[in-house]
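User: Please take a close look at the site around the bound ligands and describe how the protein surrounds them.

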Amino acid sequence: MNRLRSVMAAESDTEARLMKVVRLIAGTMVADVCSVYRRTEDNRMELIATEGLREDAIHRTFLAIDEGLVGQIAQTAQPLSIQDAPRHPNFSYRPETGEDPYHAFLGVPILKGGRVIGVLTVQNRTERIYQDDEIDSLQTIAMVLAEIVPSDETGPEQTDAAREGRPVNLQGRSLCGGLGMGRVRLHDPVIPAARFFAEDPHIEEDRLESALEELHLSIDRLLAAEIGGLWGEPREVIEAYKLLASDPTWAEKLREGVRGGLSAEASIDRLRREHRARFEKVKDPYLRERLHDLEDLDNRLLRMLAGGDEVKTNGKPRKDEPEVLIARRLGPAELLDYGKSGYAAIILEEVATSSHAAIVARGLGIPTVGGIDGLLTHVSRGDQIIVDGEDGRVHLRPDDQLIEAFGNRQAILSQRQAVFEALREQPSETRDGVPVRLMLNAGLGLDTEHLNNTGADGIGLFRTEFQFLMSEKLPSVNDQIELYQQILEAANGRPVHFRTLDLGGDKLLPNLNDAREENPALGWRSIRFALDRPGLFRRQLRALLRAADSRPLSVMFPMVTSAHEFREAKELLLEEVEWGKRRDFAGPTEIKIGAMLETPAFAYALEDIASEVDFVSIGTNDMLQFFHAADRMTPLVSDRYPFVSRPVMRFLKQVRETCARFDIPVSICGEGAGRPLEALCLIGLGYHSLSMPGGGIGPVKRMLRSLDLSKFGPAFAGLLQERDPALRNGVLELAELQGIILNDV
Ligand code: PEP
Ligand code: MG
């Protein structure tokens with residue numbers, strides 16, 4: 001490392017440096033050949049330096065990205081050690097390099113920003129086996145080389161706009177509403193190349209040890225702290241972190257790096273690159289999460305070592321100026337950790353609205369936008385940024401006009417908030433006195449906060465699978481009981497409809513459901529999955545019954561498609577009730593058993609189970625995707641067919657009428673119920689119980705209180721009979737005419 005450092009410091013010319021480095025490596029490792037290949041813009045591997053092969057092959061030998069042993073390393077991002085290379089099936093012979101006499105081969109990827117930007121190889125004449133410590137050393141050297149190998153993949157490369165500091169507007173997906181403005185703070189710390197080598201390995205080892213100690217303490221503090229009222233789930237995530245952090249191989253690898261002459265940061269960075277490169281390759285969601293956790297740990301440790309204001313502010317935003325956190329991806333525990341630190345907003349490059357991070361983001365209530373591909377190529381630390389969590393937009397380096405508009409919008413939002421707060425205690429009824437129940441969609445312990453600050457009439461949908469999705473292992477019956485009890489207590493007598501496990505589709509649980517499906521949304525999910533896993537399902541039913549102990553309980557089954565499915569699920573629940581009775585458990589005072597209507601087919605099964613079902617709740621998110629055959633997770637189609645359209649409204653009208661005919665109480669849950677225009681139409685159809693995300697309750701209540709249903713209802717029914725104009729426009733006109741307040745801003 002010392003000699004490498006001198007070479008790096010002495011030469012300014014990249015080619016000369018590279019040649020000296022390969023000579024040095026060949027000499028130190030007693031190798032006959034040492035070569036460096038770089039990945040070109042057109043994705044080939046170009047020989048750019050060598051000791052031992054013919055020098056005139058430099059810049060003349062190119063391999064396809066999937067060609068030869070070098071190609072294999074580039075593709076797998078893994079080291080490759082072979083005793084007799086020419087006999088390997090992937091060996092590609094290049095006469096111009098003069099490599100005939102060499103047998104043993106060792107190659108490692110040169111990684112930057114999680115991508116392979118080159119390959120470093122050594123070769124020997126004899127058929128020898130390279131030892132693990134040699135492979136390790138070569139990987140460390142490859143990391144240093146990553147700083148000098150010319151590449152097009154310099155991590156998050158800057159776009160022209162970024163380099164020139166021009167404003168950029170980007171569209172993502174809203175994960176949590178609200179507005180935030182501040183300076184960019186990047187989650188992944190960048191190590192300056194100058195800090196690669198340790199001045200004094202002893203001092204460096206001490207630095208590493210104290211950072212490791214601080215890391216352990218911080219994880220313990222996180223565990224001890226009231227971790228956001230998430231009731232157990234993230235605790236397990238953090239406990240898993242603790243386990244990973246205590247893994248002796250991880251810490252030992254870090255120490256080895258430092259003892260070998262790297263700085264503590266570089267040693268961590270070396271491991272981080274490995275984790276990241278593996279992460280890029282792994283498809284399995286469970287393993288991806290684990291590798292991501294490892295990367296999180298690397299990052300945490302780096303933050304602890306980082307000098308300057310990172311240390312002063314201890315990873316928290318600076319007090320004097322608001323900051324916006326930007327990350328490629330955040331785990332739920334990390335997000336929780338950041339969430340409590342007071343960031344003005346959060347942006348995640350990679351995220352689906354149903355991901356764990358999205359769930360936590362909503363629970364935290366910090367404006368959050370996700371799914372902006374390549375965001376990191378646009379930003380630099382310290383840039384000013386506006387995050388519009390209301391419509392998923394991000395304005396980078398905004399000009400004065402935009403900043404002014406932001407100020408106005410924020411003022412309006414606070415006024416709006418004040419209006420909603422004033423409405424909180426007002427009855428949720430129309431101007432002509434028709435009561436409409438406005439309920440909350442929840443799924444985390446955190447969400448119950450919204451019960452009180454929105455004045456919701458109860459929880460119309462409690463997504464029990466969130467607890468499963470957030471946990472490292474399956475929640476035990478006791479974990480489940482604990483969560484359900486706390487929810488019931490927070491609801492304080494207001495109704496709570498617990499929806500039983502709705503896994504599968506986009507809510508995959510590794511371990512439980514790893515079958516790859518062509519169409520997961522139409523696949524083995526929800527009640528289908530639960531009925532095929534009666535052990536798991538019954539444990540949940542038992543937990544619900546136990547939690548409700550001496551209180552009423554309301555349970556509904558997700559995505560019921562046939563009468564038979566409902567009956568089978570109900571049967572299991574009733575068996576659990578009997579089981580409890582035999583054991584003298586008090587059990588609930590009353591049980592209501594409902595079904596979610598999320599498939600059009602179930603609308604035509606209602607009459608068969610009318611006397612068996614206590615209520616029906618229409619999950620419009622899924623229902624619409626099946627109705628229109630348009631995947632709710634694919635942005636290209638998910639917004640293509642409007643909710644407020646005649647086909648949808650006619651279908652919902654029919655369901656409403658069926659329920660009325662058979663005397664089945666019916667409500668609507670799903671995001672649409674939280675938007676004033678959609679809610680107006682639903683109320684117009686006769687739906688008088690709506691469940692929605694917390695942010696929808698204020699705007700919908702305001703609309704509701706401005707509505708004269710006796711006037712709107714018949715006019716809306718008339719609009720449904722017509723062909724033109726588009727229903728949405730017709731309703732907007734009607735609302736305007738009748739003074740119904742739809743705009744929530
Ligand atoms: C729905 O599909 O409308 C629903 C409420 O359930 P989820 O969004 O959890 O699938
Ligand atoms: Mg659903």
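Analyst: A backbone N or O atom of D622 lies 2.9 Å from an oxygen atom of ligand 1, a polar contact in the sense of a pair of N or O atoms within 3.5 Å. Taken alone, ligand 1 exposes 280 Å², of which the protein buries 99%; accessible areas come from the Shrake-Rupley method with a 1.4 Å probe. This is a predicted model, in which local features need pLDDT of at least 70 and side-chain atom pairs count only at pLDDT 80 or more, while totals for chains, interfaces and linings use all residues. Residues are numbered from 1 along each chain as its sequence is written, ligands are numbered from 1 and chains lettered from A in the order in which they are written, and side-chain values use heavy atoms, leaving out hydrogens and water.

Further oxygen contacts of ligand 1 involve the side chain of R499, with an N or O atom at 2.7 Å, and a polar backbone atom of G619 at 3.3 Å. There are 14 residues around ligand 1, of which R463, R499, E598, N621 and R632 come nearest; a residue is near if one of its heavy atoms lies within 4 Å. By type, the shell holds seven charged residues (Asp, Glu, Lys and Arg), three nonpolar (Ala, Val, Leu, Ile, Met, Phe, Trp, Tyr, Cys and Pro) and four polar (the others, Gly among them). Helix 23 gives the most to this shell, with three residues; helices are DSSP runs of H or I, at least four residues, and strands are E runs of at least two, numbered from the N terminus.

D622 also serves the magnesium ion (ligand 2), which is coordinated by E598 (OE) and D622 (OD) at 2.0 to 2.1 Å. This pair links distant parts of the chain, 24 residues apart: E598 lies in the loop between strand 19 (590-597) and helix 21 (600-603), D622 in helix 23 (residues 620-628). Donors are N, O and S atoms within 2.8 Å of the metal (3.2 Å for Na, K and Ca); water is not among the atoms, so sites may look incomplete. Both E598 and D622 are buried, meaning under 20% relative accessible area, with exposed over 50% and partly exposed in between (1.4 Å probe, protein chains only).

How values were computed. A polar contact is a pair of N or O atoms within 3.5 Å; within protein, one must be able to donate a hydrogen and the other to accept it, and residues adjacent in sequence count only if both atoms are side-chain atoms.
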